[in-house]
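User: I've got a structure to go through with you, and I'd like the reasoning behind each label rather than the label alone. Could you take a look?
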Amino acid sequence: MLLLSICHSFVPGPECGGCCYLPTGQPSVSQPRRGELWSLLAGIPRIPEEAVVRRRTPHSCWKVGSLSHGKKVYAIAISRFTRHVYTCGSGCIKVWDESALHAWDKAPWAQLDLQDRQDCVLTCRLFPSEQSLITGGESQTLTLWDLAPTPRVRALLPATGPMCFSLAVSSDARICLACFKGFVEIWDLQNQILIRKQKVPEYGSRCVDLTGSTFWTGGEDTNLYSWDLRSYQRLQQYDLQNEILCITHDPSGEWVLVGVRNGDLIILHTHRNEKFRVPVQKYFHYHNLKFASCGTYFVTTLDKSFHGLAAPSLERLFQAEESSEILCCDVSSDSQYLVTGSRNSATVYQLMY
């Protein structure tokens, strides 16, 4: 969770066996039961220190390599299943093996050419299994890739718009949302069928995200919209007063994070009427957000810089500055690597603990 919940004290009646909660929140146990309680606790075996799983957060990052893509890198995916990094741009996707992550002039392991070399990948989403990838962009198709054992095109999904700005995949990899100007395509990935072309505000369709049965869209009109994936009805509308550049959510699906043009970060609860703003108040061209799969931190990029922030405290963990604008980023599912894409290459950072 991003924020700590507050528990309210209560005072149950005698049927609770002599244990009640005082207004201070401290339990009061009657004297006859106290000996039984301590006897029970004493009988519980101690958990070995090495068996305790602690959720870690990185304290710094170290630049360890560069992937020379050769053109602008608009989208990135890191698959720990295949142990490859995928850099996406104009005409192709380049595939980098693990040895390239700690090098500066390594050639790509493979190159996946698009069906039309004039097409350009602007967005990609890795499936939860990390064995498949879907890409979209300046193209009349969405491309579904199988990444293992060797990369290949599984299917070409005919899009109804000329440019896909953003993609979202459900946690069970059954549904994909593709955001175009004025509408969102809802795809059944298993059967490769277009379920619905959902109309959304024309200037509120720059980016899309999906949490459970709710999806979110936003764009130039400064409004964040939430939609019901079952009824296709609009649920909520939030005026964030700045152009929306990116939307993501924490792994629990409980909180949605929104990055806007002035650099502010807006945090909304998906079920409760709670909204928070982290102010930056500086104009930015590029703003990306990526939540680590462990849920303890996320990365936000703002033009040439990026910052790692802890969740829920929002404590700054690490930061770095690059020489050109950061167009995209991804964090490996094991939280070992952060990769950023920019003008003609991708930069690899190892996260330090």
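User: What makes Glu243 and Arg261 a salt bridge?

Analyst: This is a predicted model, and in it the side chains of Glu243 and Arg261 come to 3.1 Å, N to O. The cut-off is 4 Å between a side-chain nitrogen of Lys or Arg and a carboxyl oxygen of Asp or Glu, so the pair qualifies. The two are 18 residues apart and link distant parts of the chain: Glu243 is in the loop between strand S19 (234-239) and strand S20 (244-249), while Arg261 is in the loop between strand S21 (255-260) and strand S22 (265-269).

User: Are Glu243 and Arg261 buried or exposed, and how do you know?

Analyst: Buried means under 20% relative accessible area. Glu243 has 18%, so it is buried. Arg261 has 12%, so that one is buried as well.

User: Why is Asp146 called buried, and what is the label for its partner Arg154?

Analyst: Asp146 has 12% relative accessibility, which is under the 20% limit, so it counts as buried. Arg154 sits at 33%, between 20% and 50%, so it counts as partly exposed. Their closest N and O atoms are 2.8 Å apart, within the 4 Å limit, so this is a salt bridge too.

User: How do you know that Asp113 and Arg117 form a salt bridge?

Analyst: Same kind of check: 3.5 Å, N to O, is within 4 Å, so the pair counts. Asp113 is partly exposed at 42% relative accessible area, and Arg117 is partly exposed at 42%. By this rule the count comes to 14 salt bridges. There is also a network of them linking Arg80, Arg83, Glu98 and Asp334.

User: How many disulfides are there, and why is Cys120 not in one?

Analyst: A search of the whole structure finds zero disulfides. For Cys120, the closest cysteine sulfur is in Cys88, 9.4 Å away, and a disulfide needs the sulfurs within 2.5 Å, so that is too far for a bond. Cys120 itself counts as buried, at 7% relative accessibility. Cys164 is in no disulfide either: the nearest cysteine sulfur, that of Cys179, is 7.3 Å away. Cys164 is buried, with a relative accessible area of 1%.

User: What makes strand S13 largely enclosed by the rest of the structure?

Analyst: S13 covers residues 175-180, and six of the six are buried, so the strand is largely enclosed by the rest of the structure. Ile175, Leu177 and Cys179 point one way, Cys176, Ala178 and Phe180 point the other way, and all are buried. That fits a general pattern: in a regular strand the side chains alternate between the two faces of the sheet.

User: Which strands pair with S13, and how do you know?

Analyst: Pairing takes at least two bridges. Strand S12 (residues 166-169) and S13 have four, in the antiparallel sense, so they pair. S13 and strand S14 (residues 183-188) have six, also antiparallel, so they pair too. As examples, Ser166 stands opposite Cys179, and Cys176 stands opposite Trp187 in S14. Both pairs form hairpins: S12 and S13 have five residues between them, with Ala173 in the turn at a positive phi of about 60°, and S13 and S14 have two, with Gly182 in the turn at a positive phi of about 95°.

User: Why are strands S8 and S11 said to stand at the edges?

Analyst: The open sheet has four strands, in the order S8-S9-S10-S11, with antiparallel pairing. Strand S8 (120-126) and strand S11 (152-158) each have a single partner strand, so one side of each is left without a neighbour in the sheet. The twist averages 25° from one strand to the next. Strand S10 (residues 141-146) pairs with S11 over six bridges, and the bridge partner of Trp145 in S11 is Val153.

User: What is in the largest nonpolar core?

Analyst: That core has 17 residues, and Ile134 and Leu142 have the most contacts inside it. S10, S11, S12, S13 and S14 each supply at least two of its residues. The largest share, three residues, comes from S13. Another core lies apart from it, with 15 residues, among them Ala292, Leu317, Ile326 and Tyr349.

Notes. Residues numbered from 1 in each chain as written. Predicted model: local features only at pLDDT ≥ 70, side-chain atom pairs only at ≥ 80, totals over all residues. Heavy atoms only, no water. Buried < 20%, exposed > 50% of the residue type's maximum accessible area, 1.4 Å probe, protein only. Axes fitted to C-alpha atoms, helices over the stretch in contact; angles between N-to-C directions. Core = buried A, V, L, I, M, F, W, Y, C linked by side-chain atoms within 4.5 Å.
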